Every structure is written in C-alpha cells, then in structure tokens.
Amino acid sequence: MELRTPGAADEAAAVPVAPGVMRITLPLPFTTPDHIHCYLLDIDGWDGPLLVDTGMRGSEAALASCLQDAGGPPAGVLVTHSHVDHWGLAATLTDEVYGHEALAALLAMDLDSGVFGEHDHGVLSAETVATAFHLFRKMTVGQPRVRPVEDGDVLGEWRIVWTPGHDPAHISLFRDRDGVLISGDALLPDATPNIQPAAGREDSLADYLATLARLSALPVSLVLPSHGEPYTDHRGRAGELTAFHAKRLRTILHELRHGPLAVGDLARTLFVVRESAIDDMLADMETLAHLDNLRLKGLVLRRPDHRWCLPDHP
C-alpha cells in the first residue's frame, strides 16, 4: 500500500451501471487499489439519492464534481465498512452515516476500544497500531456518527446483507427485483480482500468463508464491487476466493511441519511483495486470522513464546 499522488489518468467519472444506480469512480493515493467505486442509488420517497461510500482525503474536488454532475448532494450516506477509502470524506457531506452497529467503534480508531482484541498480543505492538491509526486519520476529514442498520433492513429497494470477514462491520446491498449486488470489498473481481482478526469475532476467516457462501446463495445478476469492474459470475468468484484461502491454510500447515514459527515468519512466506509498513501489518494480521482458524480446528497450537506449531511438534 504505497502512497502516491493521483495524476491526470485518475480523473473521476460518474456513469450509470444499472437502473437507478450511478457509479462514481474516485482516485486513491495507492498503487493498489488505485481507485474506489462509490454508488448513488435512487431511493423512492427520498429527496435525493443514497451515496454508498465516499472515497478519502485528496478526492474532495473529484467527489464534489461528480455529485454536481449527478444532480447535487446525496440525501444520505451509507458506509460499507471501516476502511478509510470507504468513508474518509463522509464528514464533508453529513454528520451521520448509515452503517453496521460495529462501525462506530472501528471509525474511532482508538487503541482502548479493543478493535483488535487480546488475541493480537505478541503480534502487533501498540506503537505499530498507533502509528497506523495516525496515518489513517490523516486520510479522513473527521469521524461521522453512525446510524445503525441491521442485516435484513431495507433502504428503498435495497436490502442490507451483513458480510463480515474483511471487516466485522462490512455490509453489502442487494436488490431482490433484479439481482443487483453492491458488494463493497466482500466480493472483488481481481483481488483477495484482506482478512483481519477483530474484537468480538473469534474466527474472522470463518466469517469471511460464511460470507462467500451466503453471497453465493443469492440470485445475483450483476456484482458492483468497490474496486474493479462489474461482473456476473458471483458464484464462480466466490469459489475462487474460497479455494484461495483453503490453499493458504494448507501452506501454513506445510510450513509448520519444519518446527515452530512466529506469525511474522509465516507472513513472509505468504506475502512476498510488500510496499510499506502498513503492508507488513496487514500481512501479519491476515496470517494470524488463518492461524486462529486452524487453532480453533485443533490443527495448530500457540506457544507461550507466541510461536505457532503443529500439535505433535510443540
């Protein structure tokens, strides 16, 4: 996740992608992902559209231009999850956003909020997390309040679908009448969403695999992701992502055959390409999420020295 300065090739655009759905594409100051898709949804009875996600600091002018082209500011904002590229500009539009009930604590980025949970001790230092939070806060223009929505709630024709794993507060939106799914980061066409342990969630990887199964069961005709192009084969993509994580679990078990290893040692095997300290942190977190999944299955053990091993190789 290397920061860069958006250039001319990153000009924002707003285009219709489905009936009653306008896609706003904004640049991001990263090499990957280098853009985010936000969506304007027509909602019956509202004075204006619902904006799903907002982009982050640096894209203020682009977002304002796209909204003006689309007819003006939204009547409401919904945030799919807590990562800053999805909500960093929300406070420029509103004091309150729709989001999952877990979203408020995550937006605070407060070490005392227990965002990461006790099971991260020995993996990430408080200093590392504080440094990351400081950088993330600089990418926002302030923290909005959260108006909670629950799984199954509806906004106009759009049904809220809770899709945790990538983030415990992650939600997607599904329109039953024509099968359009706004998937956020839960079902990306060209990338595997990062999986992170989270306070109150014992097994984030299991959460994500359940999310993939749930989305596969929906009669989706079109997936509108936050990054990448729209696509139609949601079951095929969910199957690819499920297989990817199964392979990653097998790789961890294979590496541990040679003896105990720390999370960082395993992460260097799983994530070879890194661009920043944030990438290092995310790699460690996702590796820990996979280890937690294996631990709960009784396939690995965590030693007092925070190294991990197979049950028969303590």
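Here is a short walk through this predicted model, one selection at a time.

**Stop 1: the whole chain**

Start by colouring everything by pLDDT. The chain averages 88, and 89% of the residues score at least 70. Now select residues 1–10, where the pLDDT is below 50. Beyond near neighbours in sequence, that stretch has 25 contacts in the model.

**Stop 2: the largest nonpolar core**

Next, pick I24, L26, L51, V97, L103 and F136. These are the residues with the most contacts inside the largest nonpolar core, which has 35 residues. Which elements give two or more residues to this core? Show β2 (21–27), β3, α1 (60–69), α2 (84–87), α3 (103–108), α4 (126–137) and α8 (277–296), and you have them. As a bit of background, nonpolar side chains tend to be buried together in soluble globular proteins.

Stay with F136 for a moment and show what surrounds it. Leaving aside neighbours within four places in sequence, F136 is in contact with V84, M109, I278 and M281.

There's also a second core, separate from this one, with 32 residues. To find it, click on V161, A186, A238 and I252, which are among its members.

**Stop 3: helix α8**

You've already met α8 as one of the contributors to the largest core, so select the helix by itself. Is α8 mostly covered or mostly open? Mostly covered: 16 of its 20 residues are buried. Try your viewer's distance tool from the first C-alpha of α8 to the last. The helix reaches 29 Å, close to the 28 Å expected at 1.5 Å a residue. Just after α8, take a look at G298, which has a positive phi of about 80°.

**Stop 4: rings**

Now for some aromatic side chains. How many aromatic pairs does the count come to? Just 1 aromatic pair. Select W46 and Y98 to see this stacked pair, with 6.1 Å centre to centre and 25° between the planes. W46 is in the loop between β3 (35–41) and β4 (50–52), while Y98 belongs to strand β6 (residues 96–99), so the pair ties together parts that are 52 residues apart in sequence. As for surface, W46 is partly exposed at 27% relative accessibility, whereas Y98 is buried at 13%.

For another ring, go to F271. The charged end of R248 sits over that ring, 4.4 Å from its centre.

**Stop 5: S226 and D53**

Move to S226, in the loop between β12 (222–225) and α6 (234–256). Is S226 buried or exposed? S226 is buried, because its relative accessible area is 2%, and the cut-off for buried is under 20%. Which residues does S226 touch, not counting those up to four places away in sequence? Light up H35, I36, H37, D53, H86, G184, D185 and L188.

One of those, D53, deserves its own click. D53 is found in the loop between β4 and α1, and it counts as buried at 1% relative accessibility. Check its backbone too: D53 has a positive phi of about 70°, although it is not a glycine.

**Stop 6: H306**

Finish at H306, in the loop between β14 (301–302) and β15 (307–309). H306 also has a positive phi of about 70° without being a glycine. Its relative accessible area is 34%, so H306 is partly exposed.

How values were computed:
Residues are numbered from 1 along each chain as its sequence is written. Side-chain values use heavy atoms; hydrogens and water are left out. Helices (H or I, at least four residues) and strands (E, at least two) are DSSP runs, numbered from the N terminus. Buried means under 20% relative accessible area, exposed over 50%, partly exposed in between (1.4 Å probe, protein chains only). Contact means heavy atoms within 4.5 Å. pLDDT is the predictor's confidence in each residue, from 0 to 100. Rings of Phe, Tyr and Trp (its six-membered ring) pair if their centres lie within 6.5 Å; planes under 30 degrees apart count as stacked, over 60 as edge-to-face and the rest as tilted. A charge sits over a ring if NZ of Lys or CZ of Arg is within 6 Å of the ring centre and within 35 degrees of the ring normal. A nonpolar core is a set of buried Ala, Val, Leu, Ile, Met, Phe, Trp, Tyr and Cys residues joined through side-chain atoms within 4.5 Å. The expected span of a helix is 1.5 Å times one less than its number of residues.
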